[in-house]
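Visitor: I'm new to this structure and would like a close look at a single part of it. Could you take me to the main nonpolar core and show me what sits around it?

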Amino acid sequence: MVESLLRYASVDLELHTKYIPDGSETIYDIDQRVGRRTNVIPLLPEDKFLCSFSHIFADKYAAGYYSYQAHFGMVIMLLECGQKMHWAEVLSYDAFSAFEEAGLDNVKLRIDEVVTQQAVKELGHKFRETVLAVGGGKSPEQVFVEFRGREPSPKALLRYTGLSPVTAEA
């Protein structure tokens, strides 16, 4: 995931700062060059991902995807300091981690399957009642605290994005 974000942001920056129309380098050449810097596995020569990368020219992102993703990287660091930026992602990953803690992965492994299925089912009902049923009637953080029983934590987001060791949360 982080690898892709680096590629997208770098391509956006390169296209908006260094690309010369009718120059010696095509947009696809730039994408390939950036891919060599950002990807572990080389891009295929026929890769035309730019044809569907509408973020760089659509909506409010034109020449802004780079800053958005650079901001994302800074957010990861700032979250450790208690800043509340990109909070929707923190809430989302942290909420999903509750299902993991209830044993969602263990259902697949058939470890304590009946107990685990019941715990996941009960958590699903709690999620429906405390999050989905409320809609926009309460602040997202208040709804989250009602669901999780604690303040949000960036740990799950950091784990899912590969920016922290893979360990189960206690």
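Guide: Let's start with confidence, since this is a predicted model. The average pLDDT over the protein is 75, and 69% of the residues reach at least 70. Helix by helix, the mean runs from a low of 46 in α3 (residues 65-79) to a high of 91 in α2 (residues 27-38). There's also a stretch, residues 69-85, where the pLDDT is below 50. In the model that stretch has 23 contacts beyond its near neighbours in sequence. Where pLDDT is low, though, predicted coordinates shouldn't be read in detail.

Now a quick overview before we go in. You're looking at eight helices and zero strands, so to speak a plain run of α-α-α-α-α-α-α-α along the sequence. Of the 170 residues, 32% are buried. The protein exposes about 10,700 Å², with carbon and sulfur atoms supplying 60% of that area. If you take the contacts between residues at least 6 apart in sequence, 51% of them join residues at least 24 apart.

Here's the part you asked for. The largest nonpolar core has 11 residues: W87, V90, L91, A95, A98, F99, V120, L123, F144, F147 and L157. Three helices each give two or more residues to this core, namely α4 (87-101), α6 (113-132) and α7 (140-148). The top contributor is α4, with six residues. Nonpolar side chains tend to be buried together in soluble globular proteins. Another core lies apart from this one; it has seven residues, V11, L15, I30 and L50 among them.

Let's look at how two of those helices meet. The axes of α4 and α7 come within 11 Å and cross at roughly 10 degrees. Angles under 35 degrees count as roughly parallel, so that is how α4 runs relative to α7. On the α4 side, the contact is made by W87, L91, D94, A95, S97, A98, F99 and E101. Facing them from α7 are P140, E141, F144, F147 and R148.

F144 is a good residue to zoom in on. You'll find F144 in helix α7, and it's one of the 11 core residues. Its relative accessibility is 4%, and because buried means under 20%, F144 counts as buried. Setting aside neighbours within four places in sequence, F144 is in contact with L91, D94, A95, G149, R150, E151 and P152. Take L91 from that list: L91 and F144 are 53 residues apart in sequence, yet their C-alpha atoms are 7.0 Å apart in space.

For a contrast, try R128, which is in helix α6. With a relative accessibility of 41%, R128 counts as partly exposed. Its C-alpha atom is separated by 9.3 Å from that of F147, a residue of the core. Along the chain, R128 and F147 are 19 residues apart.

One last stop takes us to the loop between α1 (2-17) and α2, where D22 is found. At 84% relative accessibility, D22 counts as exposed. Most residues other than glycine have a negative phi. D22 isn't a glycine, but its phi is positive, at about 65 degrees.

Technical notes
Residues are numbered from 1 along each chain as its sequence is written. This is a predicted model: local features need pLDDT of at least 70, side-chain atom pairs count only at pLDDT 80 or more; totals for chains, interfaces and linings use all residues. Side-chain values use heavy atoms; hydrogens and water are left out. A nonpolar core is a set of buried Ala, Val, Leu, Ile, Met, Phe, Trp, Tyr and Cys residues joined through side-chain atoms within 4.5 Å. Buried means under 20% relative accessible area, exposed over 50%, partly exposed in between (1.4 Å probe, protein chains only). Helices (H or I, at least four residues) and strands (E, at least two) are DSSP runs, numbered from the N terminus. pLDDT is the predictor's confidence in each residue, from 0 to 100. Contact means heavy atoms within 4.5 Å. Accessible areas come from the Shrake-Rupley method with a 1.4 Å probe; for residues, only the protein chains shown count as cover. Axes are lines fitted to C-alpha atoms, for helices over the stretch in contact, and angles run from 0 to 180 degrees between N-to-C directions. Angles under 35 degrees count as roughly parallel, over 145 as roughly antiparallel, 65 to 115 as roughly perpendicular and the rest as oblique.
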